[in-house]
Amino acid sequence: AMKLWTNPGDRVLSPFAGIGSEGVVALEMDRRFVGVEVKRSYYEQAGRNLRAAKKQVDLFGHSAA
């Protein structure tokens with residue numbers, strides 16, 4: 001759905017971000033990501049997942065997903 005409904009550079013909003021899976025895909029597909037999460041443990045895990053994804057994108061370029 002992300003590839004179908006967004007373009008590179010678009011901002012993706014996830015009002016229920018969970019552990020950040022949607023944000024990881026957004027970064028890999030050259031989108032920006034804004035996520036909202038109320039559960040602290042999910043928020044913290046999302047931060048770790050997004051930082052790791054950002055490092056991979058920075059090192060290897062954007063995936064062609």
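Which residues is Arg31 in contact with, leaving aside its neighbours within four places in sequence? In this predicted model, the list comprises Met2, Lys3, Thr6, Asn7, Pro8, Gly9, Asp10, Val12 and Ala26. Arg31 itself lies in the loop that runs between H2 and strand E2 (32-35). Its side chain reaches the backbone oxygen of Thr6 at 2.8 Å. A curious point is that Arg31 is buried yet has no salt bridge. The nearest side chain of opposite charge belongs to Asp10, 5.8 Å away, and a salt bridge would call for a nitrogen-to-oxygen distance within 4 Å.

Two of the residues touched by Arg31, Met2 and Val12, also appear in the largest nonpolar core. This core has eleven residues, with Ala17, Val24, Ala26, Leu27, Met29, Phe33, Leu50, Ala53 and Val57 completing the set. Helix H2 (21-28) and helix H3 (40-60) each supply at least two of the core residues. In soluble globular proteins, nonpolar side chains tend to be buried together. Leu50 offers a good view of the core: beyond its neighbours within four places in sequence, Leu50 is in contact with Val24, Leu27 and Phe33, and also with Gly20 and Gly23.

Phe33 leads on to Ser14, since these two residues touch. Ser14 sits in strand E1 (residues 11-14) and counts as buried because its relative accessibility is 5%, where the cut-off is under 20%. The side chain of Ser14 makes a polar contact with the side chain of Glu22 at 3.0 Å. Not counting residues up to four places away in sequence, Ser14 touches Val34, Gly35 and Val36 as well as Glu22 and Phe33.

Definitions and conventions
Residues are numbered from 1 along each chain as its sequence is written. This is a predicted model: local features need pLDDT of at least 70, side-chain atom pairs count only at pLDDT 80 or more; totals for chains, interfaces and linings use all residues. Side-chain values use heavy atoms; hydrogens and water are left out. Helices (H or I, at least four residues) and strands (E, at least two) are DSSP runs, numbered from the N terminus. Buried means under 20% relative accessible area, exposed over 50%, partly exposed in between (1.4 Å probe, protein chains only). A polar contact is a pair of N or O atoms within 3.5 Å; within protein, one must be able to donate a hydrogen and the other to accept it, and residues adjacent in sequence count only if both atoms are side-chain atoms. Contact means heavy atoms within 4.5 Å. A nonpolar core is a set of buried Ala, Val, Leu, Ile, Met, Phe, Trp, Tyr and Cys residues joined through side-chain atoms within 4.5 Å. Lys and Arg count as positive and Asp and Glu as negative; His and the chain ends are not counted.
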